[in-house]
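I opened this model to look up a few helix contacts, the domain layout and some backbone oddities. My notes follow in the order in which I checked things.

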Amino acid sequence: MSTTENRLRVYEQTKPLFNIPDGVTYLDGNSLGPLPLSTADRMGRVIQQQWGVELIRAWNTAGWYVQPRKLGDRIARLIGAETGSVTVGDTLSLKVYQALSAALEMNRDRKIVLSDTGNFPTDLYMAEGLIATLGRGHQLRLVRPEEIEESLSEEIAVLYITEVDYRTGRRHNMAELTARAHALGIVTVWDLAHSTGALPVDLARVGADFAAGCTYKYLNGGPGAPAFLYIAPRHADHARPALSGWMGHAKPFAFDLGYAPAVGIERMRIGTPPVLAMAALEASLDIWDRIDMHEVRARSLELADLLIGEVERLCPQLRLVTPRSHEERGSQVSFAFERGYAAMQALIAHGVIGDFRAPDIMRFGITPLYIGKAEVMRAIEVIERVFTRELWRRPEYDVVHAVT
Ligand SMILES: Cc1ncc(COP(=O)(O)O)c(C=O)c1O
Ligand SMILES: Nc1c(O)cccc1C(=O)C[C@H](N)C(=O)O
C-alpha cells in the first residue's frame, strides 16, 4: 500500500521501471501500457518455480486460487473501492455483461438501459446480446454524452456508461450522475477502462453500484491482462451472477450439481483464472501500490495542457476534441484531422506512438509514470514536423492495418 515512506515519485522514480524502446515516445499507454522491467522475471518465476515445481499444488501453496481477490484489493485502492469488493479475471466485455445483467435484475420493473454514443462498442454490443438473451423487451437507449444527465428519468433501469470517452477523452461527472441516478431509482454501471490508473476514482464515496475496468492500459498488466469487477458491498450478496461458473460457486470443490453463489464479490468469478496473466499484473501492481493517484493526475493535466497548447499553436490543421476543462477530461488528448490515420502512421514512423480512432481522431495518451515534459516536448517537435511538411501525404502511410 502507498504510504508516504514507500511512495514512488511519479516519473523520476517510475520511468526507470519501464521498458521503453530507444527512440520511441510512447503516447499509447491508454490502449496498451508498456512492459514493466520486473514483469518478465516475475512471470518467469511463476512459470519455473510455481507451475514447474509446485505443479497443481500451487493453487494452494502459491495462492493462485485467491489471486483474483488479492489483486482486486490492490486495484480497489486505486479506484476508491472497499476492501473485498473487487474481483479480477476474464475480459472487460464479460465483466460489463455480468454487471449489467445483475443491475437489470435489481430493477426488474424498468426496461431501459441508458448509455451514450461515446461508449466503447463492446459495451454496447454486450448490452444488445444480453437484451436479446433476456427476451423481456429491454431497450438500449443511446444519447449523446452531453445529454446523459437530462435523459435520466424514472423509466430508466440502468445507467450504463464509460466514465472517460475512449475517443474524445471527455469525462462524465461520476458523483453527480450517480447521485441523480439514485434519486430516480436508477442502478449505475461504470466502465472504468480509461479511468483506472489515469485519474483518481472514488467509487465508495460516490456510491457507485457496479464498475468494471481493464488492466492492460494505464495499469500496465500486459496484452490480454485480466479485467476487474466491482460491486458495492451493499449489493454484493444479492447480485445474481448471469455467468454462473464453478469458480463463483459457494463451494466449488464440493462439485454440487446445482449452482449456489459464493458470498460477496467472489460470486462474480466465472472459471479458472489466468494465472500467468495475473503474475504479470502482480508485477505492475507492485509499482501501482506505491503511487499516489493525485500526483498522477496533477502531472497528467500539466502535460496534457502543454501538449494541447503547443499543438494548437504549431498545427492549426488539428482540431482539439478533448474538453479544455480539467474536470471534464480524462488522461488523453485527442485531435480531429481528416487524414488522421495517415498522420498517425507518419508519427509512428517517426517514433511517436499514439493511435487513431475512426473516423478522424488522433489520440495521445498521457501516462505520467513514464511520460514527462521531455517526452511531450519531443512529441510536439515530431507532430510539428509531420504537419508542416505534410508527411502524412506519403502513400505508405495509407496502408491500413487490421488493428489500429
Ligand atoms: C471502455 C472500454 N470498454 C471495453 C473495452 C474492451 O474490452 P475487452 O478488454 O473485453 O476487449 C475497451 C477497450 O478495448 C474500452 O475502451
Ligand atoms: N484491447 C485492445 C486490443 O485487444 C487491441 C487493440 C486495442 C485494444 C484497446 O484496448 C482499444 C481501446 N479500448 C480503445 O480505447 O480504443
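Entry 1, helices H4 and H5. I am working with a predicted model. I fitted axes to helix H4 (residues 92-105) and helix H5 (residues 121-134); they come within 9 Å and cross at roughly 50°. An angle of roughly 50° is neither under 35 degrees nor in the range 65 to 115, so I put H4 and H5 down as oblique to each other. The crossing of H4 past H5 is right-handed. On the H4 side I listed Ser93, Val96, Tyr97, Leu100 and Ser101, which meet Thr122, Asp123, Met126, Ala127 and Leu130 of H5. Sorted by class, this contact has six nonpolar, three polar and one charged residues.

Entry 2, the loop before H4. I looked at Asp90, which sits in the loop between strand S4 (86-88) and H4. Its phi is positive, near 65°, and the residue is not a glycine. I noted that most residues other than glycine have a negative phi. Is Asp90 buried or exposed? I count Asp90 as buried, because it has 24 C-beta neighbours inside 10 Å and the cut-off is 20 or more.

Entry 3, helices H1 and H10. Next I took helix H1 (residues 39-54) and H10, which spans residues 275-288. Their axes are 8 Å apart and the helices pack at an angle of about 140°. The class of roughly antiparallel needs an angle over 145 degrees, so H1 and H10 are oblique to each other. I recorded this crossing as right-handed. H1 brings Thr39, Arg42, Met43, Val46 and Ile47 to the contact, and H10 brings Leu276, Ala279, Ala280, Glu282, Ala283 and Ser284. The tally for the contact of H1 with H10 is seven nonpolar, two polar and two charged.

Entry 4, Ser284. I followed up one residue of that contact, Ser284 in H10. Ser284 is buried because 28 other C-beta atoms lie within 10 Å. Which residues does Ser284 contact, leaving aside its neighbours within four places in sequence? I found Pro36, Thr39, Leu219, Asn220 and Gly221. I also checked Leu37: its C-alpha atom is 9.1 Å from that of Ser284, with the two positions 247 residues apart along the chain.

Entry 5, domains. The chain is divided into domain 1 (15-30 + 292-398) and domain 2 (43-288). Taken over C-alpha atoms, the centres of the two domains are separated by 29 Å. For the contact I have 19 residues from domain 1 and 16 residues from domain 2. On the side of domain 1 that touches domain 2, helix H11 (293-314) and strand S12 (332-336) each supply at least two residues. By class, that side of domain 1 has six nonpolar, nine polar and four charged residues.

Entry 6, Pro200. I looked up Pro200 in the loop between strand S8 (187-191) and helix H8 (203-206). It counts as partly exposed because it has 14 C-beta neighbours inside 10 Å. Setting aside neighbours within four places in sequence, Pro200 is in contact with Met293, His294 and Arg297. The C-alpha atoms of Pro200 and His294 are 6.3 Å apart in space, and the residues are 94 apart in sequence.

Entry 7, helix H12. How many residues of helix H12 (residues 340-349) are buried? I get eight of its 10, so defined by the neighbour count. They are Gly340, Tyr341, Ala342, Ala343, Met344, Gln345, Ala346 and Leu347. These buried residues pack against S12, strand S13 (352-353), strand S14 (355-357), strand S15 (361-365) and helix H13 (373-388). After H12 comes Gly351, with a positive phi near 90°.

Entry 8, two remaining backbone checks. The peptide bond from Ala358 to Pro359 is cis, with omega near 5°. Pro359 lies in the loop between S14 and S15. For comparison I noted that most peptide bonds are trans. My last stop was Tyr11, in the segment before strand S1 (18-19). Tyr11 is another residue other than glycine with a positive phi, here near 80°. With 21 other C-beta atoms within 10 Å, Tyr11 is buried.

Key: Residues numbered from 1 in each chain as written. Chains lettered and ligands numbered in written order. Predicted model: local features only at pLDDT ≥ 70, side-chain atom pairs only at ≥ 80, totals over all residues. Buried ≥ 20, exposed ≤ 12 C-beta atoms within 10 Å, placed from the backbone. Contact = placed C-beta atoms within 7 Å. Domains from an automatic or database assignment. Nonpolar A, V, L, I, M, F, W, Y, C, P; charged D, E, K, R; others polar. Axes fitted to C-alpha atoms, helices over the stretch in contact; angles between N-to-C directions. Left-handed = near helix turned anticlockwise from the far one by under 90°.
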